[in-house]
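This report introduces a structure to a reader who has not met it before. It moves from the whole chain to its core, its charged pairs and its surface.

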Amino acid sequence: MSAWLHIVGIGEDGLDGLTSATRTVVEAAEIIIGGERHHALAKDLDATRIAWPSPFDALIETLKSNRGKRVVVLATGDPLWYSVGARIGRELDPSEIVYHPQLSAFQLAAARMGWSMADLETLTVHGRAIEQMVAFIQPDQRLLILTTGSETPAQVAAFLKQRGFGNSRMTVLASMGGENEKRFDGVANDWSHDVPAFNTLAVECIAAQDAALLPRVPGLPDDLFAHDGTMTKQEIRAATLAKLMPMRGALLWDVGCGCGSVAVEWMRAARYARAIGIEPRDDRRVFAAQNALALGVPKLELIAGSVPEKLLGLTPPDAIFIGGGLSIETFDVCWAALRPLGRLVCNAVTLESEALLISLYKQHGGQLAKLHVNRAEPIGNLTGWRPLMPVTQWSLVKR
């Protein structure tokens, strides 16, 4: 089928900002779909107007029901950058769609700030949990953030202050490219501006001497996690994540996730990485949920129950960590579900679990290692080495 759906990026200058060819497409449309703001930017046209449906997922059915007509969907800026175009493109055949990009809010904001887009992070908290920006608060990092509304800058300022980045410079850019464009500058410590709802936030992160440094490289300090003492310790966690190999958009099963330390660090380590934690204990799932919010990965999915039963029917993962509930049955289900080139890592501290890992290693190969960690601790007025429990680690790649 030839293209019948046009997804058009539109800016604050409305139809006047479109190319001649794109404007012709919009003017010839039988149906125009968009938000209230989009329709206001493209007024005085004869097309049938449809507002964003609620729930938003109903948009796909609305489009399919009008297949073959001349349909235009209006989006802000670039339809494929944190916008509706990507959502539609996952549901419809690409041959049915023509995209008409406009300058994105990120491009406009970078130009206003004089920042190179290659040297900054672009984020969105529009309609999403604002906690996800926490993982990007780093010294000297520049952030461009699509906001949910007028309250977002103050919320971001609070996160910055909590982590010792209160001196960070913040700029709100509203209605960029239009006659009502406005700019608000300040610092996180005393941010008090009342800003328009439609805005983009620029942040230049400046760390105080006591700032919390939370790198996205795995191996965060243990005391950053809420836990009951049973967790994958910092040094072992770093080695475990190295074997799991976090990658953009990849999915992890964290089997027996406990306080979620491995799943949280997996999600922090790569953009859009996902994780499902399976944990039978209610109190530990509460810890995991708290840690996910506090450390910037609010999309961690937690499942109550025991394995292997709760693994059946889950989305096949790119990596699996078995930190609890290890058995032959659990391994068999995990190995069968793991995608090609998937990574599996099992950690054991008991002799019984170690014996099982050795048996599996002999059957399947991979790498078997014994990890010993000693930490310096006070002994009276002196200092000595205190060993943590040794961990037997088995890892392999599915080929």
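Helices and strands are here DSSP runs, helices of at least four residues and strands of at least two, numbered from the N terminus. With that in mind, Met-245 can be placed in the loop between α7 (234-244) and β11 (251-255). The model discussed here is a predicted one.

## The chain as a whole

The protein has eleven helices and 19 strands, and its C-alpha trace spans about 75 × 55 × 35 Å along the principal axes. Of the 399 residues in the protein, 48% are buried. The protein exposes about 19,100 Å², and carbon and sulfur atoms supply 52% of that area. Among contacts between residues at least 6 apart in sequence, 64% join residues at least 24 apart.

The UniProt record, an unreviewed entry, places the feature "domain: Tetrapyrrole methylase" at residues 5-186. Over residues 5-186 the chain is 26% helix and 24% strand, and the C-alpha atoms at the two ends are 43 Å apart.

## The nonpolar core

The largest nonpolar core has 25 residues, and those with the most contacts inside it are Met-133, Leu-143, Ile-145, Leu-160, Met-170 and Val-203. At least two residues of this core come from each of β7 (142-146), α6 (152-162), β8 (169-174) and β10 (199-204). Helix α6 gives the most to this core, with four residues.

Leaving aside residues up to four places away in sequence, Leu-143 touches Trp-115, Glu-121, Leu-123, Met-133, Phe-136, Leu-201, Ala-202, Val-203 and Cys-205.

Strand β10 also holds Thr-200. Is Thr-200 buried or exposed? Thr-200 has a relative accessible area of 5% and is therefore buried, given that buried means under 20%. Its contacts, again without residues up to four places away in sequence, are Ala-105, Ala-109, Ile-145, Leu-146, Thr-171, Val-172, Leu-173 and Met-176.

## Charged pairs

Side chains of opposite charge can pair when their charged atoms come close. A search of the whole structure finds 24 salt bridges, and the table sets out some of them with the distance from N to O.

| Salt bridge | N to O distance |
|---|---|
| Arg-87 and Asp-57 | 3.1 Å |
| Glu-96 and Arg-67 | 2.7 Å |
| Arg-281 and Asp-228 | 3.7 Å |

In the salt bridge of Arg-87 with Asp-57, distant parts of the chain are linked, for Arg-87 is in helix α4 (residues 84-89) and Asp-57 is in the loop between β3 (48-51) and α3 (58-65), 30 residues apart. Arg-87 counts as partly exposed because its relative accessibility is 21%, and the partly exposed class lies between 20% and 50%.

Where do the partners Glu-96 and Arg-67 lie? Glu-96 is in the loop between α4 and β5 (97-100), while Arg-67 is in the loop between α3 and β4 (71-76), so their pair ties together parts that are 29 residues apart in sequence. Glu-96 counts as buried at 6% relative accessibility, whereas Arg-67, at 36%, counts as partly exposed.

The salt bridge of Arg-281 with Asp-228 ties together parts that are 53 residues apart in sequence, because Arg-281 lies in the loop between β12 (274-279) and α9 (282-294) and Asp-228 lies in the loop between β10 and α7. Both partners are partly exposed, Arg-281 with a relative accessible area of 36% and Asp-228 with 33%.

Beyond single pairs, a network of salt bridges links Asp-222, Glu-235, Arg-237, Glu-265 and Arg-375.

## A surface patch and a buried proline

Met-245, Met-247, Leu-341 and Val-397 make a nonpolar surface patch of about 320 Å². Within this group, Met-245 is partly exposed, with a relative accessible area of 33%.

Pro-308 is found in the loop between β13 (301-304) and β14 (319-322). Why does Pro-308 count as buried? Its relative accessibility is 18%, and buried means under 20%. Not counting residues up to four places away in sequence, Pro-308 touches Glu-329, Thr-330 and Val-333. Pro-308 and Glu-377 are 69 residues apart in sequence, and their C-alpha atoms are 39 Å apart in space.

Terms used. Residues are numbered from 1 along each chain as its sequence is written. This is a predicted model: local features need pLDDT of at least 70, side-chain atom pairs count only at pLDDT 80 or more; totals for chains, interfaces and linings use all residues. Side-chain values use heavy atoms; hydrogens and water are left out. Patches are made of residues with over 30% relative accessible area and no salt bridge: like charges are joined within 9 Å, nonpolar side chains (Val, Leu, Ile, Met, Phe, Trp, Tyr) within 5 Å. Accessible areas come from the Shrake-Rupley method with a 1.4 Å probe; for residues, only the protein chains shown count as cover. A salt bridge is a side-chain nitrogen of Lys or Arg within 4 Å of a carboxyl oxygen of Asp or Glu. Buried means under 20% relative accessible area, exposed over 50%, partly exposed in between (1.4 Å probe, protein chains only). Contact means heavy atoms within 4.5 Å. A nonpolar core is a set of buried Ala, Val, Leu, Ile, Met, Phe, Trp, Tyr and Cys residues joined through side-chain atoms within 4.5 Å. UniProt positions are given in the numbering used here, feature names are shortened, and annotations may be inferred rather than shown by experiment.
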